[in-house]
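These are my notebook entries on one structure. I set down what I looked up, entry by entry.

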Amino acid sequence: MPVDPIIVEVIRGALEYIAEEMGIILRNSAYSANIKERMDHSCAIFDEIGRMIAQAEHIPVHLGAMPLAVKEAIREIETLYPGDMVILNDPFHGGTHLPDITLIAPIFYDNKIVGFVANRAHHSDVGGRVPGSMPGDSSEIFEEGIILPPVKLLEKGELNRDVLKILLANTRTPLIRKGDIFAQIAANNRGVRRILEVIKKYSVDVFKTSIDEILNYSERRMRAEIRKMPKISARAADYLDDSGVEDRPLKIQVEITVHNDKILVDFSGTDRQVLGPVNAPLPVTLSCVYYVIRAITDPTIPANEGAYRPISVRAPEGSIVNARPPVAVAGGNVETSQRIVDALLKAFAQIVPDKVPAACQGTMNNISIGGIDPRTHQQFTFYETIGGGYGARPNSDGLDGIHCHMTNTMNTPIEEIEKRYPILILKYELRKDSGGAGKWRGGLGIERIYKVLTKAKLSVLGERHKFRPWGLRGGLPGAPGEYWVIRRNGEKIQLRSKDCIDLEPGDIVVIRTPGGGGFGNPEERDKSLVIRDLLDGKISIKSAIDIYKLEEEPIRKLRNKIPDRNV
C-alpha cells in the first residue's frame with residue numbers, strides 16, 4: 001500500500017521524538033544521580049520483529065546494542081501480553097555489562113504486537129564484589145553483580161514482585177534501584193501510549209508501511225554515502241593498557257574494506273578474551289562500528305536498522321571484541337568500546353582522511369566509591385565517569401573536558417555529589433598542557449580531586465595511562481591519564497588504570513584524564529592561537545617556546561597577563 005511521503009516523514013519525526021520523550025520521563029523520574037544528572041540512559045523504538053526504527057540521541061554504546069536485546073527477549077519469552085515488560089542485563093543475551101539494565105515493552109493493537117519500546121539505564125550498583133559493580137580487576141562475570149536473563153518484570157500490567165525482590169536483594173542501594181526501575185517502567189509506558197496515538201491517527205497499515213519506507217530511506221542514504229568513498233581496504237591497530245589482571249597490552253586490530261555500496265569490518269587478528277574486565281560482548285562491538293560509520297558519513301541519516309544494512313562485521317568468537325561467558329565484561333562496554341572506536345577511526349583516516357579527528361581521550365574514567373554514610377548509617381554507592389580531551393580535527397582544535405565517542409553523558413554537579421554522598425570535591429579544572437600539540441591542538445583533559453569523609457572502597461576502571469591518544473599528520477599525542485590516592489599522612493599511591501583500594505576518612509583521590517591528540521605540525525599553528533592558549537591557561541610558556549616555537553618577545557610583552565600557573 002503506497003503511503004504519502006509527507007505522512008512517512010511525519011511518522012518518522014514522531015517516532016524519534018517519542019524516543020526523546022521517553023528519555024525525558026526516565027530522567028525526570030529517576031532517583032539516582034547517575035541517571036537524573038549524568039543522563040546515563042537510552043531509549044529506542046522497534047517494530048514487531050525487533051528491527052530498530054527510531055532512537056533518541058542518547059548513549060551510542062547502548063543504542064547500537066539494544067536491537068540484540070529486543071530480539072533476544074522475543075526469542076526467550078514465548079508469550080507476551082499487553083502490559084508485559086521484560087527485564088534483562090545479561091551481556092551474553094543482548095546486554096552490554098551488568099549495571100546496564102534494559103526494560104522492553106511490547107505494543108499491542110487489536111490484540112496483535114505491532115512493535116516494542118525499550119530503554120536501558122546504568123544502575124550505580126547491581127551487587128558484585130565492589131560497590132559500583134565495576135571492579136577493575138574482576139576475572140569472571142560473577143564478580144560483577146546479579147545476572148538477569150530475559151524475564152518478565154511485569155505481566156499484564158502487574159509487577160512481578162519476586163523478580164524485583166531478587167534484584168533489590170543483590171544491590172547495596174535497594175531504594176535507589178527501585179526508584180530507577182520504576183522510572184524505566186514509566187518511560188516505557190509513555191512510549192507505548194504515544195505509539196498507539198500515532199497508529200490510531202494514521203491506521204496500523206499506514207504505520208507498518210511507513211516503517212518499511214523509513215528503513216529503506218536510511219539504507220538508500222547510507223549506500224549513497226559509501227559509494228562516495230574510495231574502494232580500498234585499510235588496516236589499523238590500537239592497544240589497551242592491560243587487562244586489569246595481567247600486565248600486558250591487548251591488541252585490537254581491524255581491517256575495513258569498502259566495496260561499491262557496502263563496508264566490511266573485520267576484527268581478525270584481535271587478541272583473544274582474557275582474565276580481566278575488558279572483554280566486550282558482540283553487541284558492544286556492533287555499537288562501535290555503527291557509531292563510527294554514521295559519524296564519518298552523514299550523521300543526519302536516520303539512525304535505524306536500515307542505515308546498518310550495508311555494514312557487515314566479522315568479530316572472531318572468543319576474542320576481546322566478541323567475548324564468550326563466563327569472562328568479566330564490566331570494562332568492555334566502557335573502555336574496550338572506546339579503543340575499538342580508536343582503531344576504526346585510525347583505519348578510516350586512510351580512507352576518508354578529512355573526516356577523521358585525532359584520537360580522543362579514549363576512556364570513560366569510571367570512578368566508584370562506596371561505603372557506609374555516617375550521616376544516615378546506610379550504604380552508599382557513588383559512580384561517575386569523567387570527560388577528557390577530544391581529538392583535534394582537520395580544521396579546528398579539539399574540545400576540552402568532554403565525554404567522547406561511545407559515551408554521551410553529562411558531569412555530576414559538585415553540589416549534587418556533596419549533598420548525596422560523604423565526599424568533598426577539592427578541585428575540578430582543565431589540565432594544562434594535556435592536549436596534544438599540533439597545527440590544531442587536542443582538547444584538554446580534566447583534573448578532578450575527591451576527599452572521602454568515611455571509610456570506603458574505591459574502584460577505578462580506565463585507560464590510556466600507557467598508550468597515549470595518538471595525533472594525526474604530525475600532531476603530537478595527548479597526555480596520558482593518571483590516578484592517585486593521597487593518604488592523610490601524605491603518602492602518595494599511584495594507581496593502575498584498573499585498580500581497587502580501601503580508603504580511610506580524609507584520604508584524597510586524584511583523577512587526571514587524558515587529553516586529545518593533536519592534528520598537523522605544531523610549528524604550523526597560528527601564533528595568535530598559541531598566545532590565546534597561553535592567556536587562557538591551556539598551555540605553559542615552556543610549551544609555547546619549545547613545541548610551538550613562539551618567540552620570547554611576544555611572551556615578554558604579555559607576561560603580566562599570563563596566569564602565574566603557566567610560568
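**Entry 1: nonpolar cores.** I began with a definition: a nonpolar core is a set of buried Ala, Val, Leu, Ile, Met, Phe, Trp, Tyr and Cys residues joined through side-chain atoms within 4.5 Å. I note that the model is predicted. I then looked up the largest nonpolar core and found that it has 75 residues. The residues with the most contacts inside this core are I104, I256, I263, V265, F267, L344 and F348. Helix α10, residues 330–348, gives the most to the core, with nine residues. I also recorded a second, separate core of 55 residues, which includes A19, I87, I146 and I199.

**Entry 2: the surroundings of I263.** Which residues does I263 touch, not counting residues up to four places away in sequence? I listed I226, M229, I256, T257, V258, I293, P310, I311, S312 and F348. Of these, I256 and F348 had already appeared among the core residues with the most contacts.

**Entry 3: salt bridges.** My search of the whole structure found 57 salt bridges. I examined three of them.

The first joins K498 and D242, with the closest N and O atoms 3.4 Å apart. K498 lies in strand β19 (residues 498–503) and D242 in the loop between β8 and β9, so the pair ties together parts that are 256 residues apart in sequence. Are these two residues buried or exposed? Buried means under 20% relative accessible area. K498 counts as buried because its relative accessibility is 0%, and D242 counts as buried because its value is 7%.

The second joins D354 and R473, with the closest N and O atoms 3.2 Å apart. D354 is in the loop between α10 and β12, and R473 is in the loop between β16 and β17, so this bridge ties together parts that are 119 residues apart in sequence. At 58% relative accessibility, D354 counts as exposed.

The third joins E447 and R512, with the closest N and O atoms 2.9 Å apart. E447 belongs to strand β15 (residues 446–452) and R512 to strand β20 (residues 508–512), so parts that are 65 residues apart in sequence are tied together. E447 is buried, at 9% relative accessible area, whereas R512 is partly exposed, at 24%.

I then looked for linked salt bridges. A network of them connects D238, D242, D247, R339, D342, E463, R464, K466 and K498. The pair of K498 and D242 from my first example is therefore part of it.

**Entry 4: aromatic rings.** How many aromatic pairs does a search of the whole structure find? I recorded five. One of them is the stacked pair of Y290 and Y308, at 4.0 Å centre to centre and 5° between the planes. Y290 is in helix α8 (residues 282–296) and Y308 in helix α9 (residues 305–308), and the two are 18 residues apart. Both Y290 and Y308 are buried. Elsewhere in my list, ring pairs link F380, F382, Y421 and Y450 into a cluster.

**Entry 5: a surface patch.** I turned last to the surface. L424, L426 and L453 make a nonpolar patch of about 240 Å². L426 lies in strand β14, residues 423–430. With a relative accessible area of 46%, L426 is partly exposed.

Key: Residues numbered from 1 in each chain as written. Predicted model: local features only at pLDDT ≥ 70, side-chain atom pairs only at ≥ 80, totals over all residues. Heavy atoms only, no water. Patch = residues over 30% accessible without salt bridge, like charges linked within 9 Å, V, L, I, M, F, W, Y side chains within 5 Å. Areas by Shrake-Rupley, 256 points an atom, 1.4 Å probe, with all protein chains shown as cover. Salt bridge = Lys/Arg side-chain N within 4 Å of Asp/Glu carboxyl O. Helix = DSSP H or I, 4+ residues; strand = E, 2+ residues; numbered from the N terminus. Buried < 20%, exposed > 50% of the residue type's maximum accessible area, 1.4 Å probe, protein only. Contact = heavy atoms within 4.5 Å. Phe/Tyr/Trp six-rings, centres within 6.5 Å; stacked < 30°, edge-to-face > 60°.
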